[in-house]
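This report is a first reading of one structure, written for someone who has not met it before. Please keep the sequence and the model in view while reading.

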Amino acid sequence: MKLITRSQLGWPASAAPSQTSTKGVKVHYEGAPVSTKLLNDHNACIAEWKAIRASHLANKTENYSDVAYNYAACPHGYLLEGRGLRKRTGANGNQALNQGHYAIVGLVGSEGLTQPTDAMLSAIRDGIDLLRKNGAGSEIKGHRDGYATACPGGPLYAWVQKGAPRPHANTPPKEDDVSLTAAEKKQLSDIAAKVTTVVNDRRIAPWTYKGTDEKQDAYAYLRGTKNQVDALLKKVDALNSVDLTDEQLAKLAEKVAAAPALADAIAEKVAQKVADRLAE
């Protein structure tokens, strides 16, 4: 768990009323546009969290004693302390609902940054587990459960309805690691199909062939290329399970535009090299 405490945020002890137990935890989102800058700048996450607290303290209608949530979770997997442990939330809609559940907010919103990262979901689970060790019951619900609101938004609520499972794989890659788009996936699928066709047509099994050094070189080349294609396709499958930002998708589109004939060029090279070696 990557916890950032109130003292690390420069905040005093919370003035929120104490509450030692609840039925569980409710998950929230910001309910307003959130900048995608948070994805690449953790300092922006801290600034966002501090801004939320400042706006709550300035809200004379609600008269909050502190930021409304017990914790927040950012896209980088940090759990940010709000009211903290054994403090009644002010986020669930009314006093009865606040007494029923603690509250954790994911730093996503209605526009811009709308999709929680796996790291954020893990941080929310960290917060739920921490609260359970300190008086929270087993329930995990969305803000909309019991109160008329769209919170916590479609993506987070769908996760809550699945039982809020902790992600173990397919974490969003860093921007520099993202190199494949849907168009590239199709290109690589075409390569894989052509390589497989060559293998089947020649009735060879590159991973078992024990021929001359020259022909073995051709088969090794084919095997290596096929393995690379398989690895790339697995990477694509992982990427496709993650919702990328518009900025990331734009950069990927630029990469594809820079080399539109990549798939055909590689496939042709592989097929020709195998054919040449088999003809020797």
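## Strands and a hairpin

In the hairpin formed by β3 and β4, where 4 residues lie between the strands, Gly77 adopts a positive phi near 90°. The model in which this turn appears is a predicted one. The two strands of the hairpin pair in the antiparallel sense, with 3 bridges between them, and Ala72 stands opposite Leu80 in β4.

Strand β4, which covers residues 78-81, also has a partner in strand β1, residues 2-4, and here the two strands run parallel and are joined by 3 bridges. Within this second pairing, Leu3 is found opposite Leu79 in β4. As a general point, side chains in a regular strand alternate between the two faces of the sheet.

## The chain as a whole

Across the protein chain, the secondary structure comes to 9 helices and 6 strands. The chain has 280 residues, of which 43% are buried, and it exposes about 14300 Å², with carbon and sulfur atoms supplying 50% of that area. When contacts with a separation of 6 or more are considered, residues 24 or more positions apart account for 73% of them.

One example of two positions brought together across the sequence is given by Gln115 and Pro155, which are 40 residues apart along the chain while their C-alpha atoms are separated by 6.2 Å. Gln115 itself is found in the loop between β5, residues 101-106, and α4, and with a relative accessible area of 29% it is partly exposed.

## Confidence in the model

The pLDDT averages 78 over the protein chain, and 60% of the residues score at least 70. Over residues 169-179 the pLDDT is below 50, although this stretch has 25 contacts in the model beyond near neighbours in sequence. Residues 202-215 likewise have a pLDDT below 50, and for that stretch the model contains 21 contacts beyond near neighbours in sequence. Where pLDDT is low, the predicted coordinates should not be read in detail.

## Salt bridges and a shared network

The structure holds 5 salt bridges. Side chains of opposite charge can pair when their charged atoms come close. In one of these bridges, the side chains of Arg53 and Asp66 meet at 2.8 Å, N to O. This pair links distant parts of the chain, since Arg53 belongs to helix α2, residues 42-57, while Asp66 lies 13 residues away in the loop between α2 and β3, residues 71-73. Both ends are covered: Arg53 is buried at a relative accessible area of 14%, and Asp66 is buried at 0%.

Which residues are joined into one network by salt bridges that share partners? They are Arg125, Asp126, Asp129 and Arg166. Within this group, Asp126 and Arg166 meet through their side chains at 3.0 Å, N to O, and this bridge links distant parts of the chain, with Asp126 in helix α4, residues 118-132, and Arg166 40 residues apart from it in the loop between α5 (154-161) and α6 (182-202). The side chain of Arg166 also forms a salt bridge with that of Asp129, again given as 3.0 Å, N to O, and Asp129 lies in helix α4, 37 residues apart from Arg166. The accessibility of these residues can be given one by one: Asp126 counts as buried at 14%, Asp129 counts as partly exposed at 25%, and Arg166 is partly exposed at 29%.

## A histidine in helix α2

Is His56 buried or exposed? With a relative accessible area of 13%, His56 is buried, because buried means under 20%. This residue lies in helix α2, and, leaving aside residues up to four places away in sequence, His56 touches Tyr64, Asp66, Val67, Ala68 and Tyr69. Asp66, named here as a contact of His56, is also the salt-bridge partner of Arg53.

## Cysteines without disulfides

How many disulfides does the structure hold? The count is 0. A disulfide is a covalent bond between the sulfur atoms of two cysteines. Cys74 is in no disulfide, and the nearest cysteine sulfur, which belongs to Cys45, is 4.0 Å away; this distance does not meet the cut-off, because a disulfide requires sulfur atoms within 2.5 Å. Cys74 is buried, with a relative accessible area of 0%, and Cys151 counts as buried at 5% relative accessibility.

Key:
Residues are numbered from 1 along each chain as its sequence is written. This is a predicted model: local features need pLDDT of at least 70, side-chain atom pairs count only at pLDDT 80 or more; totals for chains, interfaces and linings use all residues. Side-chain values use heavy atoms; hydrogens and water are left out. A salt bridge is a side-chain nitrogen of Lys or Arg within 4 Å of a carboxyl oxygen of Asp or Glu. Buried means under 20% relative accessible area, exposed over 50%, partly exposed in between (1.4 Å probe, protein chains only). Contact means heavy atoms within 4.5 Å. pLDDT is the predictor's confidence in each residue, from 0 to 100. Accessible areas come from the Shrake-Rupley method with a 1.4 Å probe; for residues, only the protein chains shown count as cover. Two strands pair if DSSP finds at least two bridges between them.
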